[in-house]
Amino acid sequence: MSRSYALPFLTLPDDVVGFDQWLIGDPGDPLFPISMQLDAWDYARDLQLDAQLDLDFDAAAKALGATEGVDLKLAIVVNIGTGSGRFSRRLEPVFEIVIEAPLTEPLTINLPIDSRDLSGRLMVRLEILLAENIASDNLLIPRVAGSRLWSDTTNVHLEDGGDARFPMEVLSFKQTFHGQRQVDAPWYLHMRPGSPEADFTGSVRLYVNADHEIFAERVSKGDSSTLQAMLGDVMIQMCRAALEDEETWDILKDCEEGSVGCQITSWLELAFPGMSAEDVHGLMTTTPGAFHAALISIADMGDAE
């Protein structure tokens, strides 16, 4: 799970939100705490997700710096993503409720998930957003509707639901790339630019430098921040290579499942929903920092524990 991020305004601490964890299992059966992997899942198995939020509304208003005269409204939103590989191919809103007064009892979230809507990985993102604009001169108070005040991301590998492994290999760069520029890099992405229709697993490989022992150990243990930084960089490299070639723009949308272009398209749709390749290219050119940050954001894999 992942709850840490840095934003330019006040946010909600965990103890105010009152969220513990998701419970998962078969509909009608006792549920169990969610983990990194769900064993014995297949395409005919529906799932049930449940959670509770014991949100302290008054404490939330205080944490956000909202005075008594401020009409605070908070939106509780759940998005679910699925798809093969490490990254969900899409995120769909499945739950939303606006809270504008203290709760009389914990908020219960019950989410049935049809097996037809699932693939190799399940991502569950729970967010608390500002539901309406707030008029304030205090720069630390969140003022724009949609501002993310708190979030929790859980990423689950559904066993037998598809290939959940990015083509990755840990090896010694000093031995493999001796005398080459990448010898001291913590990771190195090998790919063939200009081949969007090529098979993804056959034409892309991410090498992790075993000589960086601490880094390689974090990767092996599934450290979420390490994976997010590394895989976010992979997304940036591959998406930039595709967007810098205008002839590739029209090819991307027609690429078959499992191809490089299909994977790049899914990343772009997730990071820049509703934007055309031309629009994303413009963003990449004019505000590269925002372009990079958007891709790194969707590389969030959740905590390993």
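The following exercises, each with a worked solution, concern salt bridges, one helix residue and the nonpolar cores of a predicted model.

Residues are numbered from 1 along each chain as its sequence is written, and side-chain values use heavy atoms, with hydrogens and water left out. Because the model is predicted, local features need pLDDT of at least 70 and side-chain atom pairs count only at pLDDT 80 or more, while totals for chains, interfaces and linings use all residues.

**Exercise 1.** Determine which parts of the chain are tied together by the salt bridge of aspartate 26 and arginine 45.

*Solution.* Step 1: a salt bridge is a side-chain nitrogen of Lys or Arg within 4 Å of a carboxyl oxygen of Asp or Glu. The N to O distance between the side chains of aspartate 26 and arginine 45 is 2.6 Å. Step 2: helices (H or I, at least four residues) and strands (E, at least two) are DSSP runs, numbered from the N terminus. Aspartate 26 belongs to the loop between strand S1 (23-25) and strand S2 (32-33), and arginine 45 to the loop between strand S3 (37-38) and strand S4 (47-53), so the pair links parts 19 residues apart in sequence. Step 3: buried means under 20% relative accessible area, exposed over 50%, and partly exposed in between (1.4 Å probe, protein chains only). Aspartate 26 is partly exposed at 24%, whereas arginine 45 is buried at 15%.

**Exercise 2.** State whether glutamate 217 and lysine 221 are buried, partly exposed or exposed.

*Solution.* Step 1: their side chains form a salt bridge of 3.0 Å, N to O. Step 2: glutamate 217 has a relative accessible area of 42% and is partly exposed; lysine 221, with 59%, is exposed. In the whole structure, 6 salt bridges are found.

**Exercise 3.** Locate threonine 248 and list its contacts beyond four places in sequence.

*Solution.* Step 1: threonine 248 is in helix H7 (residues 246-252). Step 2: its relative accessible area is 6%, and it is therefore buried. Step 3: contact means heavy atoms within 4.5 Å. Setting aside neighbours within four places in sequence, threonine 248 contacts Pro196 and Ala242.

**Exercise 4.** Describe the largest nonpolar core.

*Solution.* Step 1: a nonpolar core is a set of buried Ala, Val, Leu, Ile, Met, Phe, Trp, Tyr and Cys residues joined through side-chain atoms within 4.5 Å. Step 2: the largest one has 43 residues, and Trp22, Leu49 and Leu122 have the most contacts inside it. Step 3: strand S8 (121-130) is among the elements giving two or more residues to this core, and S8 supplies the largest share, 5 residues.
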